Amino acid sequence: MNTENSSDQLNDLPDEILMMIFKKLHNITLLYFLSDVNIRLNKIVHDSIFTNRLTLLNFEPSCLILQMYSSLYFAYPLSDLVLDRFCSHILSKIHQKVKWLDIESPSMERILLSTNYPNLVGIGLYNIYLENAVHLFSDDRLFTSTYKKQISSLVIDIKASGEENPTRNENIVLFTHIFNTFTNIKYWSIFNLVSIFIL
């Protein structure tokens, strides 16, 4: 089946049916494959239902279990091909609708600098190494003064460089930088493999 036939078949379905089908799909896959196919599909896939929260990373379940018996998931980046398309074409078209971003360390800079997110109120940062975290929150290129004021929810997945837990002093330094960077935080949680901090 070629792409033109697939597009024509989708165009034959009413918007309500397409919305029901598309809600069952992962929004990143939907945006990647159907953005810019035609004006009608753009209108549907660029709806806030699909653009409100973007998880621009993949999660891989692990066989490790926390004491609470919930599975751990490891974050890893999207493929370069997918990330390139999002950063060069898709994000600039939907940036005003994005309220939450889930991103991981290697692609964070590309995603945050690819466009402005005027309605971004939440961010999930994954695979952040403890020794880089303080510098990350001091980087005014990534977290402009606008983001610092508008982000009210923050989730951070901290990776320790070795087998040891972060020390109390390292945690204090990190938390101080977070609160100095994001002045409007109402909800935040910081995870690492050994301990979980939720306030």
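**A walk from the core to the surface**

Let's start at Leu125: skip its neighbours within four places in sequence, and this residue is in contact with Ile103, Met108, Leu136, Phe137, Phe143, Leu154, Val155, Ile156 and Asp157. Keep in mind that we're looking at a predicted model.

Zoom out from there and you get the largest nonpolar core, with 51 residues. Leu125 is among the members that touch the most others, along with Leu56, Leu101 and Phe137. Who supplies the largest share of this core? That would be helix α6, residues 80-94, which puts in seven residues. There's also another core, lying apart from this one, made of five residues that include Leu57, Ala75, Trp100 and Tyr126. As a general backdrop, nonpolar side chains in soluble globular proteins tend to be buried together.

Now head over to helix α3, which runs over residues 27-34 and is where you'll find Asn27. Is Asn27 buried or exposed? Its relative accessible area is 13%, and since the cut-off for buried is under 20%, Asn27 counts as buried. Setting aside the neighbours within four places in sequence, Asn27 is in contact with Phe50, Arg53 and Leu54.

Step back into the loop between α2 (15-22) and α3, and you meet Leu25. Leu25 has a relative accessibility of 45%, so this one is classed as partly exposed. Leu25 also belongs to a nonpolar patch on the surface, together with Leu13, Ile17, Met20 and Ile21. How much accessible area do these residues have together? The figure is about 420 Å².

How values were computed:
Residues are numbered from 1 along each chain as its sequence is written. This is a predicted model: local features need pLDDT of at least 70, side-chain atom pairs count only at pLDDT 80 or more; totals for chains, interfaces and linings use all residues. Side-chain values use heavy atoms; hydrogens and water are left out. A nonpolar core is a set of buried Ala, Val, Leu, Ile, Met, Phe, Trp, Tyr and Cys residues joined through side-chain atoms within 4.5 Å. Buried means under 20% relative accessible area, exposed over 50%, partly exposed in between (1.4 Å probe, protein chains only). Helices (H or I, at least four residues) and strands (E, at least two) are DSSP runs, numbered from the N terminus. Contact means heavy atoms within 4.5 Å. Patches are made of residues with over 30% relative accessible area and no salt bridge: like charges are joined within 9 Å, nonpolar side chains (Val, Leu, Ile, Met, Phe, Trp, Tyr) within 5 Å. Accessible areas come from the Shrake-Rupley method with a 1.4 Å probe; for residues, only the protein chains shown count as cover. A salt bridge is a side-chain nitrogen of Lys or Arg within 4 Å of a carboxyl oxygen of Asp or Glu.
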